[in-house]
Amino acid sequence: MKNQQDIHKAISIIMESLETQGEAKGTMMNYRSSFNVFELYLAKHSITHVDKEVCLDYVFIKTGVSLESFETRTIEKNLNRIIRPLHLLLTYLQTGKFQYQARRTRKPFLCPECFRSEFFSFCEECEIRGYAKATIDSNREKIQKLLTFLENKAVKSSDEITIQHIEEFLATYQNASVKYIGTILYVLRNYFSFLHERGYINEEVHKSLPKVRMMRNSRLCYAWKREEVKKLLDAIDRCSSQGKRDYAIILLAVRLGLRVSDIRGLQLTSFNWNRKTIKLVMKKTGQELELPLSDDIGWAVIDYLKNGRPITTSDRLFVRHRPPFTAFGETESFNRQLHRYIVKAGLTIPPNIHYGMHSLRGSFARNLLEAKVPLPVISSALGHQDVNTTRHYLHIDIEGLRNCALDPEEVFKP
């Protein structure tokens, strides 16, 4: 006999918990409406016990979409509006507790048995080497795709992997950029070098993999104009809590040229309000950096802290605005939010140009160059350890380059 369930009570607890955690009014209305319709469906069909099969049948009846599980990737908004409340309800009925968690849209990776030992040993080795979590995740993701590909090719052990297998695997990335292909090859060389050192394979496959040489200054980021930056900032709704957060984030990139990783990592203690400075340890280099806290940044952060930041136990300055209001993950780039404001501002970015958050850092460097700030000072402001790294930004100073132009008549004059 199935366990007795009080569906209405479970839904009431979920709604109360969502409200307690500060869910938006519009979202609360959507959840309440979805649950009401679902309860009417249960009553009409005399269903007293809810499980995954009941919920999936309901989704099919309402949308005509047949899902294998709630882990199936979906991008259609109306479908997600039906699925999310059901996912919360199922979780509560299974655990007896309200647990707000993002619905998985990708099935967890199940490593093929024939590659399991070396794969997990490689992951442990990455941690021992002190790789950043984002780097470990990136390595793991690429190797997972390789192992899944090899399994489909009926490869039964690592020692059976040939260069031809790797070439076929790389062919699946034929539309990827040269830089991304270079990254994949780097990870593969790292992985196969590890396999050879540990005795999983006999051939030195890693030595046969080519290296993609990328010129340091071969790719330039988009250099924002001052009027474009102004339109971008003006497009942000600073009356909403999320807008207050996004405005402060983008302002930190525009005014101080901070990397996304450093903006994510900012803590409440990073700000010295008496000295008007921001102090942090850069994620990329591990070096300490202290920057001046301008009035516009200071007031933007204060506005967010007082009127926008949700109640949370996180010590990070910027947090997610969906329960349980945790810090952003290490892979969050804020590019999605930036793109939304670009569209809202009516800005037109040239095709095939990279214009993510890092481009705002480039614009900061450009503004300093146009203001005739010495290169060593710019290097210090950007947190570069080598001034040669900063020279990369000289290529976006068009006016400065014009001053360096040579007169062909003088060059070729006999």
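The following questions and answers go through a predicted model of one protein chain.

Visitor: What should be known about the model and its numbering?
Guide: Residues are numbered from 1 along each chain as its sequence is written, and side-chain values use heavy atoms, with hydrogens and water left out. In this predicted model, local features need pLDDT of at least 70, side-chain atom pairs count only at pLDDT 80 or more, and totals for chains, interfaces and linings use all residues.

Visitor: What is the mean pLDDT of the protein chain?
Guide: pLDDT is the predictor's confidence in each residue, from 0 to 100. In the protein chain, 79% of the residues reach 70 or more, and the mean is 81. Over residues 400-407 the pLDDT is below 50. Beyond near neighbours in sequence, the stretch 400-407 has 3 contacts (heavy atoms within 4.5 Å). The mean for the chain is 81.

Visitor: How many helices and strands are there in the protein chain?
Guide: Both are DSSP runs numbered from the N terminus: helices are H or I with at least four residues, strands are E with at least two. By that count, the protein chain has 18 helices and 3 strands.

Visitor: What percentage of the residues count as buried?
Guide: Buried means under 20% relative accessible area, exposed means over 50%, and partly exposed lies in between (1.4 Å probe, protein chains only). The protein chain has 414 residues. The share of them that counts as buried is 42%.

Visitor: Which strands are the edge strands of the sheet?
Guide: Two strands pair if DSSP finds at least two bridges between them. The sheet is open, with 3 strands in the order 1-2-3 and antiparallel pairing. Two of them pair on one side only, and these edge strands are strand 1 (271-272) and strand 3 (288-292).

Visitor: How many residues lie between strand 2 and strand 3 in their hairpin?
Guide: Strand 2 (residues 277-281) runs antiparallel to strand 3, with 5 bridges joining them. Val281 stands opposite Glu288, and Lys279 has Glu290 as its bridge partner. In the turn, Gly286 has a positive phi of about 75°. The number of residues between the two strands is 6.

Visitor: Which side chains of strand 3 point to one face and are buried?
Guide: The side chains alternate along strand 3. Glu288, Glu290 and Pro292 point to one face and are not buried. Those that point to the other face and are buried belong to Leu289 and Leu291.

Visitor: Which residue forms a salt bridge with Glu290?
Guide: A salt bridge is a side-chain nitrogen of Lys or Arg within 4 Å of a carboxyl oxygen of Asp or Glu. Glu290 is partly exposed because its relative accessible area is 36%, while its partner is exposed at 53%. That partner lies in the loop between strand 1 and strand 2, 15 residues apart from Glu290. The closest N and O atoms are 3.1 Å apart, and the residue is Arg275.

Visitor: Which residue forms salt bridges with both Arg245 and Arg340?
Guide: Side chains of opposite charge can pair when their charged atoms come close. Arg245 is buried at 3% relative accessibility and takes part in a salt bridge of 3.0 Å, N to O. Arg340, in helix 13 (residues 335-345), is 94 residues apart from the partner in helix 10 (residues 241-256), with closest N and O atoms 3.7 Å apart. The residue that meets both is Asp246.

Visitor: Is Arg340 buried or partly exposed?
Guide: Asp246 is buried because its relative accessible area is 3%. Arg340 has a relative accessibility of 34%, so Arg340 counts as partly exposed.

Visitor: How many salt bridges does the structure hold?
Guide: Some salt bridges form a network, which links Glu125, Arg129 and Arg198. For the structure, the number of salt bridges is 17.

Visitor: Which residues make the nonpolar surface patch of about 250 Å²?
Guide: Patches are made of residues with over 30% relative accessible area and no salt bridge; like charges are joined within 9 Å, and nonpolar side chains (Val, Leu, Ile, Met, Phe, Trp, Tyr) within 5 Å. Accessible areas come from the Shrake-Rupley method with a 1.4 Å probe, and for residues only the protein chains shown count as cover. Trp273, in the loop between strand 1 and strand 2, is partly exposed at 38% relative accessibility. The patch is made by Leu268, Trp273 and Leu305.
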